[in-house]
Structures are given as C-alpha cells and as structure tokens.
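Dear colleague,

Please find below the structure I agreed to hand over. My findings follow directly after it.

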Amino acid sequence: MAKSKVEITGINTSMLRSLTHEEMILLFKSYKKGDNESKKLLIEGNLKLVLSILKRYQNKCDNLDDLFQIGVVGLIKAVDNFDLSFNVRFSTYAVFMIEGEIKRYIRDNNQVRISRSIKDLAYQIINYKEECMHNNSVYPSNEEICKHFNINDYELYVALSSLSEPMSIFEPIYNDGGDTIYLLDQLEDKTNKDLDKLLSLREALNKIKDKERVVIMKRYYYGMSQSEIADELSISQAQVSRIENSAINSVKKLIM
C-alpha cells in the first residue's frame, strides 16, 4: 500500500530536495562560522523530514498547515542546537525536537470537552446559591450544597470548575508600566531537561559496543523487526534479541 502524501498549502512537496550527510556536515560547519545562508539551506533541505513526521499525526490535527509550521519551528531549534560533536546524524537528533514541538502543540490545542451533566449540575448549584441568598440573605456553605445535591466536595469542585474558561498562555498577569509578564513566563520550561536526557542517551549509545548500537538504531530509529535485522546481519533472531537486551541494559547503567 502506498504511503499517504501530506499536502501543505503553498508548497510543492514533490520538489523538495534532501541533503546528503556530507552536504549537511559542510553546511553546519559554515553555519557555525556565522553563515546564515547555510542555516536557510539546512532548513530547506530537511523539510521532507518534517513531512515524514507529520504523516504520523494526520488524524490528530484538522489543520496540517499549522502542524507543518510547528514542525518547522522544531526543525529550526534542532538546527540551532545541533553540534557535530554529538557524533549522530542530524536527522536522528532533529526527529526528537520536531516531534516534541508537534506533540506539545497537539496537547495544548486539544479542546477540553466537559460532560453536559456536569455543566448542568454547575448551573443548578449556582441557582440554588442564589435562591438561598434571596431567601436567607446568606450563601449556603459547601457542606450544605453537597448535602442538598447529594454530592461530595470533589464533585462540587469539578462542577463549578467546568464553568471556568481556559486561560491563554499569553494572558498578561502583571504590568507595572514596563515589560508585561505573561502566564507563559511563569511556566516551567522543560526543553533543556528534555535536551539533557537526549544528550545523555546519545553519549551512552556512543559508549556501547558497535553491534549493540547498530541493533538499537535499527530497532528503535528505523523501526525494523528482530527478524529483519537478523536477515540483514546474517545472524539468528535469538542473537538479535540477546544483543538488544544487552544494549538496553548497558544504556540504562550509563544514564542512571
């Protein structure tokens, strides 16, 4: 079965070219010396990588154009942060960065769907509170509300929270006449933590045996089965399994 093609508005994906490993090495060396044209060529030469990753998420986003732009953001970050001393192919490194951006975008843009029954309960609670205020000149306590509707504290909290609108990460939370502080500024940035994990993994892979590294890359980067690897390396599937388990144990010890 032919793989489905990702269509992006304004881009003829069939005309996109890919860079060879040698070309990318030369461009990275040039970019690190300050040549921004090399950066542009590196980005353009890896757009097919972004498209290949988008195929996995076609059913999770209505607007692939937006998802493509987010993927390119991840690609740009990968180009900016890549170091030839990592001793890995750029595509191996970039996949992590591109997928990270795409997954965050999908997660952050999924609408929160709240049960109609929960919202109905919330409106009933509000009406009850208003009635109590009107009749008794005081709002009922949470305990009284829970008893009236036969619910617990958590159900009360969930119901009332369902009426709150989601807050944008770009919502201004402070401004003293100078620079505005947005909610985004107060959120934890996990990018560096993720990058540290990636670098630790890369370092560990460089320290294990060559055959172990080959099996790990074929299994978890290229997605090959043990039998496919066995055929390619002319060894038994049982040997592949033993090498894979040994490699995983070695990597675990190195990154702990």
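In this predicted model, the largest nonpolar core comprises 33 residues, of which Leu42, Leu75, Val79, Phe90, Ile98 and Ile102 touch the most other members. Five helices each supply at least two residues of this core: helix 1 (21-32), helix 2 (36-44), helix 3 (47-54), helix 4 (64-81) and helix 5 (90-109). The greatest contribution comes from helix 5, which gives 8 residues.

Isoleucine 102 may serve as an example of the packing. When its neighbours within four places in sequence are set aside, isoleucine 102 is in contact with Ile53, Leu54, Tyr57, Leu67, Ile70 and Gly71. Another core lies apart from the one described above; this second core has 11 residues, including Ala122, Tyr128, Ile145 and Ala159.

As to the overall architecture, the chain has 12 helices and 2 strands. Read from the N terminus, the order of the elements is α-α-α-α-α-α-α-α-β-β-α-α-α-α. The chain contains 256 residues, and buried residues make up 32% of them. Of the contacts between residues at least 6 apart in sequence, 58% join residues at least 24 apart. The exposed area of the chain is about 17,500 Å², and carbon and sulfur atoms supply 50% of that area.

Towards the end of the numbered helices, I would draw your attention to one helix pair. Helix 11 (residues 226-233) and helix 12 (residues 237-255) pack with their axes 8 Å apart, at an angle of about 105 degrees. Angles of 65 to 115 degrees count as roughly perpendicular, and helix 11 and helix 12 are therefore roughly perpendicular to each other. On the side of helix 11, the contact is made by Gln226, Ser227, Ile229 and Ala230, while helix 12 contributes Gln237, Val240, Ser241 and Glu244. By residue class, this contact of helix 11 with helix 12 divides into 3 nonpolar, 4 polar and 1 charged.

One further residue deserves a separate remark. Is histidine 21 buried, partly exposed or exposed? Histidine 21 has 27% relative accessibility and so counts as partly exposed. Histidine 21 lies in helix 1, and its C-alpha atom is separated by 7.4 Å from that of arginine 89, although the two residues are 68 residues apart along the chain.

With kind regards

Conventions:
Residues are numbered from 1 along each chain as its sequence is written. This is a predicted model: local features need pLDDT of at least 70, side-chain atom pairs count only at pLDDT 80 or more; totals for chains, interfaces and linings use all residues. Side-chain values use heavy atoms; hydrogens and water are left out. Axes are lines fitted to C-alpha atoms, for helices over the stretch in contact, and angles run from 0 to 180 degrees between N-to-C directions. Helices (H or I, at least four residues) and strands (E, at least two) are DSSP runs, numbered from the N terminus. Angles under 35 degrees count as roughly parallel, over 145 as roughly antiparallel, 65 to 115 as roughly perpendicular and the rest as oblique. Contact means heavy atoms within 4.5 Å. Ala, Val, Leu, Ile, Met, Phe, Trp, Tyr, Cys and Pro count as nonpolar, Asp, Glu, Lys and Arg as charged, and the others, Gly among them, as polar. A nonpolar core is a set of buried Ala, Val, Leu, Ile, Met, Phe, Trp, Tyr and Cys residues joined through side-chain atoms within 4.5 Å. Buried means under 20% relative accessible area, exposed over 50%, partly exposed in between (1.4 Å probe, protein chains only). Accessible areas come from the Shrake-Rupley method with a 1.4 Å probe; for residues, only the protein chains shown count as cover.
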